[in-house]
Amino acid sequence: MAEESSASCSSNKMKTVFLAGGVGHHANGLTKTAGSTTFSNSKPGAAKKLVIKNFKEKPKLPENYTHETWQKLKEAVEAIQNSISIKYNLEELYQAVENLCSHKISAKLYKQLQVVCEDHIKAQIDQFREYLFLTLFLKKIDKCWQDHCRQMIMIRSIFLFLDRTYVLQNSMLPSVWDMGLELFRFYIISDMKVQSKTIDGILLLIERERSGETVDRSLLRSLLSMLSDLQVWLSPFTQGMGKPTQWISCPIRPVNQPLAPTPVVPDYLHHVNKRLEEEADRVITYLDQSTQKPLIATVEKQLLGEHLTATLQKGLNHLLDENRIQDLCLLYQLFSRVRGGVLVWGYFLPSTKHTMVINPEKDKTMVQELLDFKDKVDHIIHVCFMKNEKFVNAMKEAFETFINKRTNKPAELIAKHVDWKLRAGNKEATDEELEKMLDKIMIIFRFIYGKDVFEAFYKKDLAKRLLVGKSASVDAEKSMLSKLKHECGAAFTSKLEGMFKDMELSKDIMVQFKQCQNLPGNIELTVNILTMGYWPTYVPMEVHLLPEMVRLQEIFKTFYLGKHSGRKLQWQSTLGHCVLKAEFKEGKKELQVSLFQTLVLLMFNEGEEFTLEEIKLATGIEDGELRRTLQSLACGKARVIHKVPKSKDVEDGDKFSCNDDFKHKLFRIKINQIQMKETVEEQASTTERVYQDRQYQIDAAIVRIMKMRKTLSHNLLVSEVYNQLKFPVKPADLKKRIESLIDRDYMERDKENPNQYNYVA
């Protein structure tokens, strides 16, 4: 501050202002009396005007002053460079520089100073060209740099007036400090051997520290600061920092090779995280902040980017299966730093989980595994991936990809899973839990392509549940129907809604029937009114009804046709169910049973014991259906008849009798009929109906497109059909439908271009 104040004051001394009666002092010691200042209008009481005049002649420097003064300055500079004491007072030297500059010798003085500094720095280079041990070399270059900085600070303080006048007025000239930097950079660091050895040495020290050795961080900090000040930082140094090394190149061993020397994925993730933290610490401790971004980016590329595929391929499935939440959090934190990391996740998820869909052995558990896996992934995205929108979208695309790896089957199995859950109903879950389960199933349902396959199997299973009273919760059934309608539209659920309307109509008609009739006997008649087109077709089975049941049918037929003239009433005996009033030793019970169970139980009013063959002959029930019926009555929870011998299955020669000792805590007991597992033929029939419906949809889409476009090429037609259809179609099947429409004169091939079609109005 003293130097700056002195310089500021001395710059104005060529125009000294004297107050009346005062004495002015000049820097050269020359004085001027007050008489040299004149006043005009000196009348008493008049305002006085001060007039200031320059010296008539500029004071001259003594002879040889310039040469002698420079010699003093040179001697002082060399003393500083050689680290010896200066003979002269620093204030005296500063004043000498000011005097030379005041007499326009600044340019010569700057040049002389530059030559002295240049000669000194030139002489330093030889000591670094000798062979030295690395650590000794680095310490020597650091000492040279520290000495140079100390020297230039002192030299600049002496030549501060030169720096703030002449140099400041010449923008092309570097300051005294910058001149020193340029000379050091040009003669020392720009020497290829010195620069190469310096940078290699720094990189080697950093590499040793990366490997766990203790190094002199203060030396590194000083050398790296030197490179930054000399502006040789961002090019050769960062290139060297980014080269693959043994520390950076750390491959991943397969999970099934635990004895391999390289780490498994979780270990590797922690290794990478530790290394990145160490690099960030290095930037804070001794690296320049300007290198942080390129350096960390280079390390991320080496440690993460080049191992992205291998990491996810070998480790993602393992981390998901074991629900390694912390490791998955770290995986997200690391790979979100790499471009494309999120998208690769979406690519590998289906590749790791498609086995649960394509493996037929997993059909029984596929849907539950999909639901569990979806819950797990949702939790991971919420907790580990911070609800990242890109991950959510990648997950949806991944599910859609791998769940449709097997055409149509997932849709069929989801429908059967819903059927199983709705049959069990409140036995396995509360209404609230059942509702949540249905919501989860609908999420999986959204991903499948073959929704028409789902509709076909769901419709068939719903019909069975409604007709034989197998659904445990009517509210759950209607809730599921509402969800399907919201997801797929009213057209999708129109037939399903028709089933529910028929059941409501049946209840209303039966109430009217009972109010109008006096029913004979102790058999209650229940009738379901089925509208053609809503319900699946069933193979009729002619059984031997009791005369009392036949009379009931005739009574109802007369009643129904009297209210609904013109309708044809067709009995489907395979779908009936009855309520029987039975009397046991414990007391009276009401048995809610199927028609086949009713026919079997009523036989015991006529006899004590019957064989399997006798029951078959009397009832006319098909063999397989009869065995399941007897199994439900004699081997289930409510065993109202005895079977000899006792076993879980019904075999030829078995004998059956009424269980008079039957006990149950309820008065009204529902005995479920054991359902026959879906046969291959029934499954194939349902699938075939879906394919037939799809043909009509394909035909309609093609005609709709051609009617609008009039003329279209084959490729464009195929493309538009794919966009409109909601299920996958093979190109060969699509070609057959086009040929069929041509044969039926809906469209024709263009006569000049066979690859183009024309619509036929």
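Does Glu720 count as buried or exposed, and what is its relative accessibility? In this predicted model, Glu720 counts as buried, because its relative accessibility is 15% and the cut-off for a buried residue lies at under 20%. The residue is found in helix α31, which spans residues 714–724. When its neighbours within four places in sequence are left aside, Glu720 is in contact with Ile705, Arg709 and Leu712.

The setting of this residue is a chain of 761 residues, of which buried residues make up 44%. The secondary structure of the chain comes to 32 helices and 13 strands, with α31 being one of the helices, at residues 714–724. Among the contacts in the chain with a separation of 6 or more, 70% are accounted for by residues 24 or more positions apart.

With regard to the surface, the accessible area of the chain comes to about 42,600 Å², and carbon and sulfur atoms hold 52% of this area. A patch of negative charge is also present on the surface, where Glu608, Glu609, Glu613, Glu614 and Asp660 gather. One of these residues, Glu613, lies in helix α28, which runs over residues 612–619. Glu613 is partly exposed, because its relative accessible area is 39%, a class that falls between the cut-offs of 20% for buried and 50% for exposed residues. Two glutamates of the chain are thus described in detail: Glu613 is partly exposed, whereas Glu720 counts as buried.

How values were computed. Residues are numbered from 1 along each chain as its sequence is written. This is a predicted model: local features need pLDDT of at least 70, side-chain atom pairs count only at pLDDT 80 or more; totals for chains, interfaces and linings use all residues. Side-chain values use heavy atoms; hydrogens and water are left out. Helices (H or I, at least four residues) and strands (E, at least two) are DSSP runs, numbered from the N terminus. Buried means under 20% relative accessible area, exposed over 50%, partly exposed in between (1.4 Å probe, protein chains only). Contact means heavy atoms within 4.5 Å. Accessible areas come from the Shrake-Rupley method with a 1.4 Å probe; for residues, only the protein chains shown count as cover. Patches are made of residues with over 30% relative accessible area and no salt bridge: like charges are joined within 9 Å, nonpolar side chains (Val, Leu, Ile, Met, Phe, Trp, Tyr) within 5 Å. A salt bridge is a side-chain nitrogen of Lys or Arg within 4 Å of a carboxyl oxygen of Asp or Glu. Lys and Arg count as positive and Asp and Glu as negative; His and the chain ends are not counted. The place of a charge is taken as NZ of Lys, CZ of Arg, CG of Asp or CD of Glu.
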